[in-house]
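Hi,

Here is the structure I promised to pass on. Have a look at it first, and then read my notes underneath.

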Amino acid sequence: MTRDTAPLSMLSGWGRYPYCQSQIIQPANQQQLLQLNQSFAGIPRGQGRSYGDSALAGTVLSCKYLDQFIEFDPEHGILTVQAGITLAQILEVIVPQGWFLPVTPGTQFVTVAGAIAADVHGKNHHLAGCFSQHLLSMEMLLGDGSQLRVSPTHNTDLFQATCGGMGLTGIILSATLQLLPIKSSQINQTSVKARSLSDVYALFEQAAESTYSVAWIDCLAKGQQLGRSLLMTGEHAKQGPLANLPQKTLSIPFATPSALLNRFSIKAFNSVYYHRQRKTVAQQAIHYAPFFYPLDRIQHWNRLYGRKGFVQYQFVLPHAAGLLGMEAILKRISDQQQGSFLAVLKQLGPANENLLSFPREGYTLALDFKLQHGLFRFLEQLDQLVLDWGGRIYLAKDARMSQTVFKTSYPNWETFEAVRAQYAATGKYRSTQSVRLGLA
Ligand SMILES: Cc1cc2nc3c(=O)[nH]c(=O)nc-3n(C[C@H](O)[C@H](O)[C@H](O)COP(=O)(O)OP(=O)(O)OC[C@H]3O[C@@H](n4cnc5c(N)ncnc54)[C@H](O)[C@@H]3O)c2cc1C
């Protein structure tokens, strides 16, 4: 009946922590999915690119074979797809026709449903908001077997609970998106060196009108160099080819010994990365793929962190916390010398109406931490700092946040639970994460 119903296998998110023994149900088409949903209790899953346990449960319903294009209006850039299609599959078709995704995360290997469920943000959140803000409507399959069209104006409560709701409200079957017109597949990138955190904050403010902006931070630099970074801004080129790049990738074949990643190797990498750009300002036209998805060129790069895996810690601090709040947290990370290769800082614009959507106006920092003794105690201290400064942690990256931290920083969780109850989702759609966070 299903394309592949595995008995039981060990499953994880992108961080390879935690693992969960799961039965993976993989319907080959929508008809099978409708039938399987009747007796299913667990969590829908896309490409498993969320880092922690939001797509993990004893039973997982894989939606990745729901990957068909349904309708495309190339004149107006309105696209309807099955929700298991990936952003990569979409880009392959729309870029040559002069269209682009209005919001994209840092990998194209996520499904549309995953992008909706996490209400993902990109390098343009300060101007374009989240993925859901370009979603015209979606079809959902609910816990009682009924199907519903959901949009910002139809069943608004379910729309606002589902976008950012981490798969806990029902199964997203298809979605209609408004795309962004482009004239070229090239991005004009400007890269500016910042000597400190206050420098990069000032540069972000100056770049408030740039379509895309993101900074890579050397999270191990200390003292006056705390927060030294490279700020990258980008604009779609006004002319040029409309072409996709052939997918050339390297692959990490197996988990590397985690001892390869230690504070010396990470410090060396960060320093080389910062100094590889000699000029203070550098400009170049590059293809959209390396601009938006630099890590996609290395398949299975998550294996670099060794067998035990890693966690990505992403938090946002509101504007009120200012530079002071970010400095306090960065200093704690730098003092601990535990930071990662990738510390990414972005400016976020105003929050939307969705109940569990992560972004709020301010700055967000994301870092990887290799799993090792004492890490969780350290992250609990960071959690406390994030709460003290009025911030919160991103559910799509989370693998270990406590119920208290979640409920304090996501004050709409009770309304979210009420909407789930109203749409027959309570107890039926649940993940390892939702159980840990105290959701029913
Ligand atoms: C390298 C990398 C870079 C990233 N960069 C960013 C970034 O810049 N910005 C950002 O916001 N995020 C970013 N992410 C996170 C990623 O975009 C999200 O975790 C996204 O949800 C992953 O989609 P997926 O298809 O892999 O979903 P999964 O990881 O499989 O699932 C994620 C959530 O979606 C739910 N879900 C999946 N399918 C369905 C369905 N059919 N119906 C209902 N719910 C469903 C699951 O239950 C789960 O809660 C990044 C991740 C990686 C690995």
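Below is what I found, going from the domains to the ligand, the sheet and the core.

Two housekeeping points. Residues are numbered from 1 along each chain as its sequence is written. This is a predicted model, so local features need pLDDT of at least 70 and side-chain atom pairs count only at pLDDT 80 or more, while totals for chains, interfaces and linings use all residues.

Domains: the chain splits into domain 1 (9–62) and domain 2 (69–182), with bounds that come from an automatic or database domain assignment. Their C-alpha centres are 20 Å apart. Domain 1 puts 12 residues into the contact and domain 2 puts in 15; two residues count as in contact if their C-beta atoms, placed from the backbone, lie within 7 Å. On the domain 1 side, helix H1 (30–39) and strand S3 (43–45) each supply at least two residues, and H1 has the largest share with four. Helices (H or I, at least four residues) and strands (E, at least two) are DSSP runs, numbered from the N terminus.

Ligand: 32 residues surround the ligand, and Gly46, Arg49, Gly106, Gly114 and Gly167 come nearest. Near here means a C-beta atom, placed from the backbone, within 6 Å. Domain 1 and domain 2 each give at least three residues to this shell. S3, helix H3 (112–117) and strand S10 (171–178) each supply at least two, with H3 giving the most, four residues.

Sheet: there is an open sheet of eight strands with antiparallel pairing, in the order S16-S12-S14-S13-S19-S20-S18-S21. Strands pair if DSSP finds at least two bridges between them. At the edges sit S16 (281–287) and S21 (392–393), each pairing on one side only. Further in, S13 (residues 212–217) and S14 (residues 229–236) run antiparallel and are joined by six bridges; Ala215 has Leu231 in S14 as its bridge partner.

Core: the largest nonpolar core has 111 residues, and Ile116, Ile172 and Ala175 have the most contacts inside it. Such a core is a set of buried Ala, Val, Leu, Ile, Met, Phe, Trp, Tyr and Cys residues joined through C-beta atoms within 7 Å, where buried means 20 or more other C-beta atoms within 10 Å of a residue's own, these atoms being placed from the backbone. Strand S18 (residues 310–318) provides the largest share, six residues. Domain 1 and domain 2 both give residues to this core, so it lies between them. Leaving aside neighbours within four places in sequence, Ala175 is in contact with Val81, Ala83, Val112, Ile116, Leu135 and Met138.

Cheers

How values were computed: A residue is buried if 20 or more other C-beta atoms lie within 10 Å of its own, exposed if 12 or fewer, and partly exposed in between; C-beta atoms are placed from the backbone.
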